[in-house]
Structures are given as C-alpha cells and as structure tokens.
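Work through these exercises with the model open. Try each task before reading its solution.

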Amino acid sequence: MPALGFEEIVLPHLDAAFNYARWLTGNDADAEDVVQDACVRAMRFFASLRHDEARAWLFTIVRNTWYSRIAKRRRARDGAGLDGLDAEPRDEGPDPEAILLQRRTVDRVREALEQLPVEFREVIVLREIEGLSYKEIASVAQVPIGTVMSRLARGRDRLSSVLKRSAPVMERVQ
Amino acid sequence: MICEDIRRDLEPYVDRELGPESEAALRQHLRTCPSCRRVVADRENLGRLVRSTPYHPAPQRLRAHVSARVHRSGIAWRVLLPWAAAAMLAISVGGGIAVVRSTRGAQEPGAERMMDAVVDGHVRSLMADHLFDVQSTDQHTVKPWFLGRLDYAPPVTDLAALGYPLVGGRLEYLSGRPVAALVYQRHKHAINVFVWPAGTDRATTIAVQSVRGFHVRHWNRDGMSFWAVSELNDAELTDFAYALQQR
C-alpha cells in the first residue's frame with residue numbers, strides 16, 4: 001500500500017465535489033459550506049477509504065453532509081415550508097414562457113435542470129456531467145441500480161418535456 | 001409510438017450500460033425502426049444539452065481552506081491503513097459505500113508502480129491546469145509536434161467521430177523518461193493517453209484498473225505501451241480504449 005495522503009487521493013476530486021454540491025444546493029454559498037464540512041468528515045474517515053473508490057466516496061460524503069444539513073434546518077424551522085428534498089418552485093414573473101424563449105439554450109437547460117426535483121437532478125448530473133457509472137451512482141445515492149435507472153428515465157423525460165415547452169425546437173449543441 | 005425493447009432499455013443503451021448481447025439486439029432493432037431511432041437521438045441530444053451547462057469548479061478559497069486543514073490535521077502524509085474502518089464509515093456517513101471490486105491485481109512486474117505514475121501524471125495535468133503543450137484537434141498538427149522532442153513517434157489518432165475528440169498533447173515525465181501524453185475529451189472530462197515504447201512487440205489485451213477514483217486502461221500494440229487514464233466512467237473509458245486499440 002503506497003504512502004499516499006489525503007491531498008493526493010481526495011483533493012483531485014474537489015472540483016467534481018463542488019460541482020455536484022452546487023447542483024444539489026442550488027447556490028455557491030451552501031455548496032462551499034457543504035464541501036468544506038464534507039472534507040472535514042472525509043479526513044476523519046480517510047483511513048476507511050479504498051483508493052479506487054475515492055471519487056464516489058467523496059460524492060457520498062458530500063451528499064450525506066447536505067442531507068443532514070437540510071434535516072437540521074428543517075427541524076430548526078419546525079417543518080415550516082422548507083422542503084429541501086424537492087426543488088423549490090420559483091416565482092417566474094408574469095410570463096415565464098416568453099422570458100424563457102429569449103434566453104440562450106444553455107440558460108434554459110440549466111434552469112430546467114435546477115427545477116427538477118433533486119432526486120432526478122442528482123442522477124442526471126452524476127451521469128451526464130460527472131460521468132459516473134450506474135453502479136457508482138447507486139453507491140452515492142444509496143439506492144439500487146434499478147432505481148438509478150428509473151430515476152434517470154423519469155428525470156430525462158421531465159427535463160425534455162420542460163425544454164420542449166420552453167422552445168418549440170430543441171437546438172442541437174456541440 | 002415506441003417499441004417495447006426501447007422502452008425497457010433506452011437509458012442503459014444511451015448510457016452504455018447494456019450487456020453486449022442486448023446492445024447488439026437493440027442496435028439491430030434501431031436499424032429497422034425510425035421512430036425508435038428518433039427516441040434515441042432525442043436522448044443523446046438531451047445529454048449534450050445537459051453537458052453544455054457551465055461546470056462549477058471549486059473556488060480557490062475553498063481549495064486553500066481545505067488544504068490548510070489537511071496540513072493542520074497531519075493527515076497529508078499518513079500511511080493508509082487498508083480499509084479496516086469501513087464499518088465505521090458506514091455508520092457515520094449514513095449508508096456506506098458498496099465496495100464493488102478489487103482491481104489492483106498487477107498483470108506485469110512494475111505495472112502497479114507504473115499505474116500510480118500515470119494516475120499522478122493525469123492528476124498533475126488537471127491540477128496544474130497544464131493539459132497541453134500543443135493544443136489542436138488536428139492529428140496532423142499534434143503528431144509532428146513530438147518530432148525532435150521524443151526519440152520515438154507516438155501514433156496519434158483522432159476519435160472525434162466516435163465522440164472522443166483529440167484536443168491536444170504534451171510531454172510528460174514518467175518513471176524517469178519523457179513520454180507522449182495525448183489528450184482526448186469526453187463529456188467534461190479529459191482522457192490522458194500516455195504512450196511510450198513497450199520494449200516488446202507482443203500485443204496485449206486491455207487491462208482494466210482503478211486507482212484513487214480514476215480509471216486506467218492499459219494495452220500494448222505495435223511495440224508501444226498505451227495507458228489511458230480518466231475519471232470518466234468505466235464503460236465509456238473501455239469503449240474509448242477499444243476504439244483506440246483498433247486504429
């Protein structure tokens with residue numbers, strides 16, 4: 001077993017951890033707090049890490065940190081209103097369709113993704129952006145592989161119907 | 001109107017998670033069914049749209065803060081205990097992690113050390129933001145760039161048609177010698193392919209390994225040793241390695 005430390009094994013995945021946290025939390029400040037806390041936890045449990053699992057391992061800790069934070073917040077507010085497990089509906093202003101139409105494709109996609117319930121959003125982000133396998137996503141989200149697959153299917157269906165509503169033709173990118 | 005097999009296998013098909021037999025069957029079906037082809041194309045396009053959204057890298061402040069904590073904690077250079085405390089992790093972070101495989105079985109002498117070296121090379125290139133010495137999607141630009149810089153000519157192939165565009169190359173110093181690093185891209189991830197003379201003409205099949213959350217594929221061909229490293233998922237990296245090996 002080589003004498004490699006936290007810096008060599010975990011820190012290379014910091015960008016990915018932050019990107020994932022950013023999609024989970026929906027804002028920079030929470031994402032920064034969550035990743036920082038997650039890294040402190042990760043240091044504590046570093047000895048239990050298998051090297052080849054470092055990335056999924058860090059994602060799992062980020063996710064757990066975020067969910068315990070939400071639970072704490074919810075208790076603090078005594079269950080009043082804040083439901084971090086679902087995307088909060090946004091007030092889009094008088095004519096969301098018209099506004100959406102004017103935006104660039106990228107902004108529309110980002111917004112549509114942000115508005116998906118988090119259990120769909122996270123599997124799409126882990127798969128499409130972070131490139132995790134079903135097995136890895138299952139271990140991060142702590143659900144069976146079949147659930148990963150059905151969440152991906154439902155999440156993508158929702159996403160594409162939102163996008164089709166916001167623009168008649170989905171433009172091709174890349 | 002979409003057919004039953006596509007309804008069931010659409011996600012694993014577009015995600016390259018189907019077994020080879022089911023995948024072949026589905027491909028066969030797609031050849032004859034335009035409406036299912038459209039469904040697949042829509043899904044693939046949706047993936048491209050999602051990947052076109054901006055990536056959120058960790059802010060510098062966060063990185064500095066975490067680094068400082070690591071140093072204070074003294075964990076930075078601690079020798080790793082072989083995962084004795086896995087149960088502790090499972091309790092403390094809620095679900096634990098399904099450990100799926102053990103992949104560090106080395107197939108050649110020195111392969112394990114080599115694997116660490118190529119992963120280090122990959123990590124360095126990402127962290128130092130130094131992926132390229134020559135940035136080009138043109139193999140006819142990248143290949144000659146190595147002339148006079150190495151005492152061998154690495155084969156350079158573009159795989160853009162398969163969704164793995166070549167984006168550049170650089171010199172890397174591995175195990176005491178300069179080697180060619182070719183950089184390909186998939187999703188938001190870089191794939192580093194390190195190439196140097198194998199010292200033998202024997203071709204090998206592709207070896208599959210994972211280290212520190214990175215995936216590694218290694219094979220020998222035409223007297224060259226190839227090491228592909230990325231954080232890209234297993235299935236796609238294997239797909240990439242096969243494509244490159246076939247060229």
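**Exercise 1. Helix H6 of chain B**

How many residues does helix H6 of chain B have, and how far does H6(B) reach from its first C-alpha to its last?

Solution. Keep in mind that this is a predicted model.
- Step 1: H6(B) covers residues 111-127, which makes 17 residues.
- Step 2: From first C-alpha to last, H6(B) reaches 24 Å.
- Step 3: Compare with 1.5 Å a residue: the span is close to the 24 Å expected.
- Step 4: Look just past the helix. B:Asp129 follows H6(B), and its phi is positive, near 55 degrees.

**Exercise 2. The buried residues of H6(B)**

Identify the buried residues of H6(B), then find the strands they pack against.

Solution.
- Step 1: Apply the cut-off: a residue is buried if 20 or more other C-beta atoms lie within 10 Å of its own.
- Step 2: The residues of H6(B) that pass are B:Met115, B:Val118, B:Val119, B:Gly121, B:His122 and B:Val123.
- Step 3: Their packing partners in chain B are strands S2 (166-174), S3 (177-186), S4 (189-197), S5 (207-211), S6 (214-221) and S7 (224-230).

**Exercise 3. The sheet**

In what order do the seven strands of the open sheet in chain B run?

Solution.
- Step 1: The order is S1-S2-S3-S4-S7-S6-S5 in chain B, with antiparallel pairing.
- Step 2: Find the edges. S1 (134-135) and S5 of chain B each pair on one side only.
- Step 3: Place the helix. H6(B) packs on the sheet, and its direction makes about 135 degrees with that of S4(B).
- Step 4: Inspect the S1 edge. S1(B) pairs with S2(B) over two bridges, in the antiparallel sense.
- Step 5: Pick out one partner: B:Gln135 is bridged to B:Gly168 in S2(B).
- Step 6: Add helix H8 (residues 234-246) of chain B. H8 lies across S3, S4, S5, S6 and S7 of chain B, at about 20 degrees to S6(B).

**Exercise 4. Two positive phi values**

Is B:Arg212 buried or exposed? Is B:Asp222 buried or exposed?

Solution.
- Step 1: Locate them. B:Arg212 sits in the loop between S5 and S6 of chain B. B:Asp222 sits in the loop between S6 and S7 of chain B.
- Step 2: Check the backbone. B:Arg212 is not a glycine, yet its phi is positive, about 50 degrees. B:Asp222, also not a glycine, has a positive phi of about 50 degrees.
- Step 3: Count neighbours. B:Arg212 is buried because 25 other C-beta atoms lie within 10 Å. B:Asp222 has 9 C-beta neighbours inside 10 Å, so it counts as exposed.

Key:
Residues numbered from 1 in each chain as written. Chains lettered and ligands numbered in written order. Predicted model: local features only at pLDDT ≥ 70, side-chain atom pairs only at ≥ 80, totals over all residues. Helix = DSSP H or I, 4+ residues; strand = E, 2+ residues; numbered from the N terminus. Expected span 1.5 Å × (residues − 1). Buried ≥ 20, exposed ≤ 12 C-beta atoms within 10 Å, placed from the backbone. Contact = placed C-beta atoms within 7 Å. Pairing = 2+ DSSP bridges. Axes fitted to C-alpha atoms, helices over the stretch in contact; angles between N-to-C directions.
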